[in-house]
Amino acid sequence: MSIYWSAWIMFLVVLNLGITLFLFLWGTRVRIPTLPDGTTGHVWAHGVLREGVRKLPRWWFLLSAGMFAVGITYLVLYPGFGRYKGMLGWTAHGELARDVATNQAQLAELMQRFRLYSVEQLADDPDAVQLGGRLFQDNCAACHGREAHGNPLLGAPDLSDADWLYGGDGKTILASILDGRRGTMPPFGEAFGEAGVANLANYVLSLSGAPHDAAKAEAAKPIFATVCAACHGADGKGNQAIGAPNLTDRVWLYGGDLATVEETIRHGRGGQMPAWRARLGEDEARTVAAWVYANAHRAPAAGR
C-alpha cells in the first residue's frame, strides 16, 4: 500500500472513530430543554403522543463503551490502520496459506489411500465419490450439467445412463478425462443428395424402432451397408474403439428427431472432450471417474 493510501485510510479511521466517540460522550451529557411535565413539547396524533426524555439505560452505555474498546483493540492487534500490520502480524494471505496447507495435507492422506484401488472400487468409497462429485461440479458441469445429464446443444453426452461412446469401465472413463476425446461424423450431404439424406435418416430411425417412413428406410439399406456400417457396424450398434455411437438404443447425442438426424447426416458433427490431465492430475481425475462410474451405475429412482 502506498503512503498516500495509507495516510488516507488512517485519516478516515481517525475521523469516523473520533466523530462517533464524540457523539457518544456528548449524547450522555447534553441537556435537552423540557416542559414541566418532562416532555420536549413535540406531539403527534393531535396531542395523543408526546415526546418524553429519559436517560439511556446503563446496559446500553456499557455495551456501547465496550464496542469502542473492542474496535480500538482490533486496530492495535490486526491490520486496519493504514500500513500498520498489527501486533499479531495476521494477514489474509497467511491465513489462506495455512488453510490451503492443512487442506493439502488432509487431501494427500486421502489420495494415498485412493491410489490403492481401481476406479470401480473407488466408486464404492463415499469419500472418493464425494470428492469426485465436487471436482465434477467445478470442472465438468459446464458442459455435462450438474447431474451429468449432458447437453445436446454442445454434443456433451449424458453420463448417467450407462450408454457409452468409448466404453464405461473405469480405465476407459479415466482415459477420457485425462487425455480427452475427439469425435468426427463426416458430412454426406453432397454425396447422398437430399433424397438420400432423407432415406438414410429414416433408416437410422428404424434401427431403434422410432417412427419412420418404411419405404424410405428400405431404400437406404444399401447406402448404410456400404458406407455407414464401416463405423457404426452392419447392425448399427456402433464401435466404442472409435467412438461411433450405437444407433439402435434411442440414446442420442445431438437429438433423435428426423430433422436432427438429417442435419447430422447432411453436415456431419464434430465433438471434442478436452484433456484434463494438466488441470486435475491423475489422482483427482480418478475420483472424478469414480463419481461418473458410481453415478451411471446408481439404481434408478422409483417411478423412472
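Helices here are DSSP runs of H or I at least four residues long, numbered from the N terminus, and helix 6, made up of residues 141-144, is the one in which His 144 is found.

**Figure 1. Overview of the predicted model.** The structure shown is a predicted model, and the protein in it has 12 helices and four strands. The radius of gyration of the protein is 35 Å, whereas a compact globule of 304 residues would have one near 19 Å, and the C-alpha trace spans about 110 × 60 × 45 Å along its principal axes. Of the 304 residues, 30% count as buried, and the protein exposes about 19600 Å², of which carbon and sulfur atoms supply 60%. Among contacts between residues at least 6 apart in sequence, 58% join residues at least 24 apart. The protein carries 27 positive and 28 negative side chains, with the centres of the two sets lying 15 Å apart.

**Figure 2. Close-up of His 144 in helix 6.** His 144 has a relative accessibility of 10% and therefore counts as buried, the cut-off for that class being under 20%. Its side chain reaches the backbone oxygen of Pro 157 at 3.0 Å. When neighbours within four places in sequence are left aside, the residues in contact with His 144 include Phe 136, His 149, Gly 150 and Ala 156, and Pro 157, Leu 159 and Met 273 are also among them.

**Figure 3. Close-up of helix 11 and the elements that its buried residues pack against.** Helix 11 covers residues 258-267, and its buried residues are Thr 260, Val 261, Glu 262, Thr 264, Ile 265 and Arg 266. These buried residues pack against strand 3 (181-185), helix 8 (189-207) and strand 4 (269-273). Just after helix 11, Gly 268 takes a positive phi of about 75 degrees.

**Figure 4. Close-up of His 212 in the loop between helix 8 and helix 9.** Helix 9, at one end of this loop, comprises residues 214-219. His 212 counts as partly exposed because its relative accessibility is 38%. The side chain of His 212 reaches the backbone oxygen of Ala 210 at 2.7 Å, and, not counting residues up to four places away in sequence, His 212 touches Asn 202, Leu 205, Ser 206 and Ala 217. His 212 and Leu 258 are 46 residues apart in sequence, and their C-alpha atoms are 8.1 Å apart in space.

**Figure 5. Close-up of Ala 275 in the loop between strand 4 and helix 12.** Helix 12 comprises residues 277-296. With a relative accessibility of 48%, Ala 275 counts as partly exposed. Once residues up to four places away in sequence are set aside, Ala 275 touches Ile 177, Leu 178, Asp 179 and Gly 180. The C-alpha atoms of Ala 275 and Asp 158 are separated by 18 Å, and the two residues are 117 residues apart along the chain.

**Figure 6. Close-ups of Ala 45 and Ala 162, residues other than glycine with a positive phi.** Most residues other than glycine have a negative phi. Ala 45 has a phi near 55 degrees and is found in the loop between strand 1 (39-44) and strand 2 (49-52), where, at 45% relative accessibility, Ala 45 counts as partly exposed. Ala 162 has a phi near 60 degrees and is found in the loop between helix 6 and helix 7 (170-179). At 41% relative accessibility, Ala 162 counts as partly exposed.

Conventions:
Residues are numbered from 1 along each chain as its sequence is written. This is a predicted model: local features need pLDDT of at least 70, side-chain atom pairs count only at pLDDT 80 or more; totals for chains, interfaces and linings use all residues. Side-chain values use heavy atoms; hydrogens and water are left out. Helices (H or I, at least four residues) and strands (E, at least two) are DSSP runs, numbered from the N terminus. The radius of gyration is taken over C-alpha atoms; the globule rule is 2.2 Å times the number of residues to the power 0.38. Buried means under 20% relative accessible area, exposed over 50%, partly exposed in between (1.4 Å probe, protein chains only). Contact means heavy atoms within 4.5 Å. Accessible areas come from the Shrake-Rupley method with a 1.4 Å probe; for residues, only the protein chains shown count as cover. Lys and Arg count as positive and Asp and Glu as negative; His and the chain ends are not counted. The place of a charge is taken as NZ of Lys, CZ of Arg, CG of Asp or CD of Glu. A polar contact is a pair of N or O atoms within 3.5 Å; within protein, one must be able to donate a hydrogen and the other to accept it, and residues adjacent in sequence count only if both atoms are side-chain atoms.
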